[in-house]
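I set out to record what I looked up in this entry, residue by residue and then sheet by sheet. The notes follow the order in which I consulted the coordinates.

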Amino acid sequence: QVQLLESGGGSVQAGESLRLSCTAPRFTTKDCGMSWFRQFAGEEREWVSSINADFTTRYSDAVQGRFIISRDNAKDTVYLQMNSLKPEDSAVYFCQTYKSSGTRCNSNLWGQGTKVTVSS
């Protein structure tokens, strides 16, 4: 059963850009914070970025200044604009719901991921 659905991954050259999308087919996410995580081959998931229900954003040091997280509540969709991609960004990217700003949220739900490959 799909809770969240990621899309937009693909293969690009270093320095290029991709935009990932995450949507919730079965519920509304407007009251949730939304996070992006990534998982490198053979490693555990690493937090990338978050956006609260009040649109407050945070980024990991690894992507600060290169990635931009945003959301469109009318579409129940969160985006991750990934610019200046590096080979070390290659991973499977996942989105996750969490409670933020004291709002009601169906939290700690995940998608199946979308794969990003960056070649030098």
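**Entry 1: Thr97.** I began with the surroundings of Thr97 in this predicted model. Leaving aside residues up to four places away in sequence, I found that Thr97 touches Leu4, Phe27, Thr29, Cys32, Gly33, Met34, Cys105, Asn106, Ser107, Asn108 and Leu109. I located Thr97 in strand S9, which covers residues 91-99. I then asked whether Thr97 is buried or exposed. Its relative accessible area is 0%, and because buried means under 20%, I entered Thr97 as buried.

I next looked for polar partners of the Thr97 side chain. A polar atom of that side chain lies 2.7 Å from the backbone oxygen of Asn106. The backbone nitrogen of Leu109 lies 3.1 Å from a polar atom of the Thr97 side chain. Both Asn106 and Leu109 also appear in the contact list of Thr97.

**Entry 2: the sheet containing S9.** I traced an open sheet of 6 strands, in the order S2-S10-S9-S4-S5-S6, and noted that its pairing is mixed. Which strands stand at the edges? They are S2 (10-13) and S6 (57-59); each has a single partner strand, so one side of each is left without a neighbour in the sheet. On average, neighbouring strands of this sheet are turned by 30 degrees against each other, direction ignored.

I then examined the S2 edge. S2 and S10 (residues 114-119) run parallel and are joined by 4 bridges. Within this pair, Ser11 stands opposite Thr117 of S10.

**Entry 3: Ala53.** Moving towards the S6 edge, I found Ala53 in the loop between S5 (45-51) and S6. Ala53 has a relative accessible area of 14% and is therefore buried. Not counting residues up to four places away in sequence, Ala53 touches Lys30, Asp31, Cys32, Gly33, Arg71, Ser100 and Thr103. I noted that Cys32 and Gly33 are listed as contacts of Ala53 and also of Thr97. I also took one distance: the C-alpha atoms of Ala53 and Gln112 are 22 Å apart in space, with their positions 59 residues apart in sequence.

**Entry 4: the antiparallel sheet.** I followed an open sheet of 4 strands with the order S1-S3-S8-S7 and antiparallel pairing. S1 (5-7) and S7 (67-72) are its edge strands, each pairing on one side only. Here neighbouring strands are turned by 15 degrees against each other on average, direction ignored.

At the S1 edge, I counted 3 bridges between S1 and S3 (residues 18-23), in the antiparallel sense. Leu5 stands opposite Thr23 in S3.

Methods
Residues numbered from 1 in each chain as written. Predicted model: local features only at pLDDT ≥ 70, side-chain atom pairs only at ≥ 80, totals over all residues. Heavy atoms only, no water. Pairing = 2+ DSSP bridges. Helix = DSSP H or I, 4+ residues; strand = E, 2+ residues; numbered from the N terminus. Axes fitted to C-alpha atoms, helices over the stretch in contact; angles between N-to-C directions. Buried < 20%, exposed > 50% of the residue type's maximum accessible area, 1.4 Å probe, protein only. Contact = heavy atoms within 4.5 Å. Polar contact = N/O pair within 3.5 Å; in protein donor to acceptor, adjacent residues only side chain to side chain.
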